[in-house]
Amino acid sequence: MSIESLISRDLLRTTSDATLSDVATTMISMASGSVLVFDAQKLVGVITLRDIVRAALAEPDITQVPVKKYMTSQPWVVSPGWSVKDIAARMINHNIEHVPVVQDGEVVGILSSFDLVAYLALQGQGEAGAPKGH
């Protein structure tokens, strides 16, 4: 099965110069675990709540720290045609929680480990589909 139906298409975006505190506020208000980082129209990174927690433990004041200091640069990406099994295996092997989905060079969505777990749980119950966007 491909990941097409699991992809969240509601993308949160920021720039690498945004502050961690601003991005954290956005994540909390939008109930999202990650934000995609762009330079113009090019994906340059992903910042997650886990990254922000790590920064908050290391930095005296995250209101002055730019996203680029803690984001994952050049993130691993997938296409909509990838199988759930292949993506899950790579996410586990590389400790990745959020994966941008790219089609024809454009970011079209994001897939989280929560999305995969929800899908697998629903499959075990014999239900189709899965919640999106976490």
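**Helix faces, nonpolar cores and selected contacts**

In helix H3, which spans residues 84-93, the buried residues are Val84, Ile87, Ala88 and Met91. Around the helix axis these residues cover an arc of only 100 degrees, which puts them on the same side of H3. This arrangement can be read against a general property of the α-helix, which has 3.6 residues a turn, so that residues three or four places apart point the same way. On the face of H3 that is turned away from the buried side, the exposed residues Lys85 and Asn93 are carried. After H3 comes Asn95, a residue with a positive phi, near 55 degrees. The description given here, like that of the paragraphs below, rests on a predicted model.

The largest nonpolar core contains 16 residues, and among these Leu20, Val23, Ile47, Ile52 and Val67 touch the most other members. At least two residues of this core are supplied by each of helix H1 (20-30), strand E2 (34-39) and helix H2, and H1 gives the most to the core, with four residues. When neighbours within four places in sequence are left aside, Val23 is found in contact with Thr14, Ala18, Val35, Ile47, Ile52 and Val67. Three of the names in that list, Ile47, Ile52 and Val67, also appear with Val23 among the core residues that touch the most other members. Apart from this core lies another, made up of 14 residues, which include Ile3, Ile7, Leu116 and Tyr119.

Two polar positions were also examined. Asp51 is found in helix H2, which covers residues 49-58, and this residue counts as buried because its relative accessible area is 8%, where buried means under 20%. Beyond the residues up to four places away in sequence, Asp51 touches Val46, Tyr70, Met71 and Thr72.

Arg13, in turn, lies in strand E1, which consists of residues 13-14. With a relative accessibility of 47%, Arg13 counts as partly exposed, since this class holds the values between the limit for buried residues, under 20%, and that for exposed residues, over 50%. Although Arg13 and Ser34 are 21 residues apart along the chain, their C-alpha atoms are separated by 9.2 Å. Once neighbours within four places in sequence are set aside, the residues in contact with Arg13 are Val35, Leu36, Phe38, Gln41 and Val107. Val35 is thus listed among the contacts of Arg13 and also among those of Val23.

Methods:
Residues numbered from 1 in each chain as written. Predicted model: local features only at pLDDT ≥ 70, side-chain atom pairs only at ≥ 80, totals over all residues. Heavy atoms only, no water. Buried < 20%, exposed > 50% of the residue type's maximum accessible area, 1.4 Å probe, protein only. Arc of directions from axis to C-beta. Contact = heavy atoms within 4.5 Å. Core = buried A, V, L, I, M, F, W, Y, C linked by side-chain atoms within 4.5 Å.
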